[in-house]
Amino acid sequence: MKESSSRKQGAASPCAACKLLRRRCAQDCVFSPYFPADEPQKFANVHRVFGASNVNKMLQELPIHQRGDAVSSMVYEANARVRDPVYGCVGAISSLQQQIDVLQAQLALAQAEVVHLRVRHSTSFQGHGLCPDSPSSSGSPSSKQVSPQDNKGMFSHMDIVDEASLGESMWSC
């Protein structure tokens, strides 16, 4: 925005697009608000992937208030295509999805281990004739009785443990 006012005075340098295309940057240049002269690589990547003519057409077909978002999307996709010419941003999304899958599997294993430890902890109390709620228990947070309702949120979206198969004896003495 600042460039267009200084361009009226004739002292401004051309935008990155006009500089790369080696043309005079007009006062109403569609590229200048989005590709400033101090960020030449931004337009270079967009030009390499989409072509200046296509970018010009896309920008002119959009309302002015949507052009900034469109340029951001084109810059993101162009940078992704430069890094990964075959898959572009889809490759990045796929990689992130694989990481999510691995982390969800690790979380499921950790949650199953917690349940296993709680069952073992509960049975050790029952084996010694102690109940976690009895006055003879230590009163520490690890020895408190936990009801299945307290843990509903933990496994509500995963089919890791069927609470009914654990038996009601785990939760009451």
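These exercises work through a predicted model of one protein chain.

Residues are numbered from 1 along each chain as its sequence is written. In this predicted model, local features need pLDDT of at least 70, side-chain atom pairs count only at pLDDT 80 or more, totals for chains, interfaces and linings use all residues, and side-chain values use heavy atoms, with hydrogens and water left out.

**Exercise 1. The fold**

Task: State how many helices and strands the protein chain has, and give the pattern.

Solution.
- Step 1. Start with the rule. Helices (H or I, at least four residues) and strands (E, at least two) are DSSP runs, numbered from the N terminus.
- Step 2. Count them. The protein chain has eight helices and zero strands.
- Step 3. Read along the sequence. The pattern is α-α-α-α-α-α-α-α.
- Step 4. Add burial. Buried means under 20% relative accessible area, exposed over 50%, partly exposed in between (1.4 Å probe, protein chains only). Of the 173 residues in the protein chain, 28% are buried.

**Exercise 2. An annotated stretch**

Task: Find what UniProt places at residues 93-120, and describe the chain there.

Solution.
- Step 1. Look at the record. UniProt, in an unreviewed entry, gives "coiled-coil region" for residues 93-120. Its positions are in the numbering used here, feature names are shortened, and annotations may be inferred rather than shown by experiment.
- Step 2. Check the model. Residues 93-120 are 100% helix and 0% strand.
- Step 3. Take the ends. Their C-alpha atoms lie 41 Å apart.

**Exercise 3. Salt bridges**

Task: Name the residues in each salt bridge and classify them as buried, partly exposed or exposed.

Solution.
- Step 1. Recall the idea. Side chains of opposite charge can pair when their charged atoms come close.
- Step 2. Apply the rule. A salt bridge is a side-chain nitrogen of Lys or Arg within 4 Å of a carboxyl oxygen of Asp or Glu. The whole structure holds two.
- Step 3. Take Lys42 and Glu39. Their N to O distance is 3.6 Å. Lys42 is partly exposed at 24%. Glu39 is partly exposed at 35%.
- Step 4. Take Arg81 and Glu77. Their N to O distance is 2.9 Å. Arg81 is partly exposed at 29%, whereas Glu77 is buried at 17%.
- Step 5. Place the pair Arg81 and Glu77. They are four residues apart in helix α5 (residues 64-83), so about one helical turn separates them.

**Exercise 4. Cysteines**

Task: Explain why Cys15 and Cys18 form no bond.

Solution.
- Step 1. Use the cut-off. A disulfide is a pair of cysteine sulfur atoms within 2.5 Å.
- Step 2. Compare. The cysteine sulfur closest to that of Cys15 is in Cys18, 3.6 Å away, so the two are too far apart for a bond.
- Step 3. Give the total. There are zero disulfides.
- Step 4. Check burial. Cys15 is buried at 0% relative accessible area. Cys89 also counts as buried, at 16%.

**Exercise 5. A surface patch**

Task: Name the residues of the nonpolar surface patch and locate Val90.

Solution.
- Step 1. Know the rule. Patches are made of residues with over 30% relative accessible area and no salt bridge; like charges are joined within 9 Å, nonpolar side chains (Val, Leu, Ile, Met, Phe, Trp, Tyr) within 5 Å. Areas come from the Shrake-Rupley method with a 1.4 Å probe, and for residues only the protein chains shown count as cover.
- Step 2. List the members. Val86, Tyr87 and Val90 make a patch of about 330 Å².
- Step 3. Locate Val90. This residue sits in helix α6 (residues 89-127). Val90 counts as exposed, at 51% relative accessibility.
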